[in-house]
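Me: Please take a close look at the aromatic side chains in this model and describe how their rings are arranged.

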Amino acid sequence: MVRAVRFSEFGGPEVLEVVDIEMPVPDAGEVLVQVVAAGTNPVESAIRSGVSPDRWPVVFPEGQGRDLAGIVIGVGPGVTDFRVNDEVMGYVARGSHATHVAVPAGQLAIKPHSVPWEIAGSLYVAGTTALDALQDTAVRRGDTLVVTSAAGGVGCLVVQLAVRRGAHVIGTAAPRNADYLRQIGATPVDYGPDLAERIRAVAPDGVDAFVDFLGGDGVETAVELGVPTGRISTVLDWGAVDEYGVQRATAGSVRELLVVAELMEQHAVRMPIADVFSLDDVAEAYRRLDRREAVGKIVIGMNIVEYKNQRLKGTAIKQQDATLGVPTPHPPTESHEVLPPVFGHRRGFVPSRPADPHPAAGV
């Protein structure tokens, strides 16, 4: 049997439940993946809460989750790019929050050996959406770019990619995340009323492009700042897309996923992991996601190994190289309190080869 997240009515995280379903059988062109880690994304909360059922149709009971990383345990007819025991990453249309998922082969790529499970399992939506947002807004050297929710999973990648292009980036975030934004090269600006005024104070020569990952009045702020609508991109505010004709950033292809994964391998960009929750705690994971306070990604781990004194939730230091060399005060912390959860597996498997010769499907 497979354990999978389902919801049978619109609502908050409380409508999520973990149920037993039959093991999927991979059809022609599909790969059966034992999921190790899967990301969470704000759009999933929007779908589950019924924000726009016309745009995001739902058939109850519905699955949840798009990103995933795991191990191939079976292949359907016609699949030649993947073999059993390959470590893979990619996406499904909906339903990655499960122990096993059948995935079209064209939506998977071989996981780079040095990219951790928790990052690989939450990279597709964040990474490819970040690339799409920068392409939409044509960010280039010398531009001033504003990114809302800049400390989040997608926002922090846009900041880093834009800085690599030579742009000056202004990131909006809660005050507690200002230090982190400085570390990745952005000028922090607090959320809240009169945002346009605070942005003008740090960008007296104007703003060239604006990427909105928060919704609310983000696009209206960009228009107020005089940003051309062709260089404004949003993820969640579909009404603003219709009203102002701004761009809408969307997740892209496996090829784009591999571009971001390569940058991760090179340590050219980093994606912090805010926390890892077990599948049984998926509702709590989305409660934290919905508060929009976490730095980086919140991840679902399918087989987390717990141990004595482990702090699975709460304040923790994850992916610590993001702060190395930066004079940032932190309270004293015991080593056992910052060890990350261990990603284990209920069944034995042979690890994939460190340098797998198989090309990613569709790349």
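Reply: What follows concerns one aromatic cluster and its surroundings. This is a predicted model, in which local features need pLDDT of at least 70 and side-chain atom pairs count only at pLDDT 80 or more, while totals for chains, interfaces and linings use all residues. Residues are numbered from 1 along each chain as its sequence is written, and side-chain values use heavy atoms, with hydrogens and water left out.

Across the whole structure, a search finds four aromatic pairs, a pair being two rings of Phe, Tyr or Trp (its six-membered ring) with centres within 6.5 Å, called stacked if the planes are under 30 degrees apart, edge-to-face if over 60 and tilted otherwise. One of these joins Phe7 and Phe60, whose ring centres lie 6.1 Å apart with planes at 75°, so the pair is edge-to-face. Phe7 belongs to strand E1 (residues 2–7), whereas Phe60 lies in the loop between helix H1 (42–48) and strand E4 (62–63), 53 residues apart; helices (H or I, at least four residues) and strands (E, at least two) are DSSP runs, numbered from the N terminus.

Phe60 also pairs with Phe10, and here the centres are 5.1 Å apart and the planes stand at 70°, so this pair is edge-to-face. Phe10 sits in the loop between E1 and strand E2 (17–21), so its pairing with Phe60 ties together parts that are 50 residues apart in sequence. Phe7, Phe10 and Phe60 thus form one aromatic cluster. Within it, Phe7 is buried at 2% relative accessible area, while Phe10 at 33% and Phe60 at 35% count as partly exposed (buried is under 20%, exposed over 50%, partly exposed in between, with a 1.4 Å probe and protein chains only).
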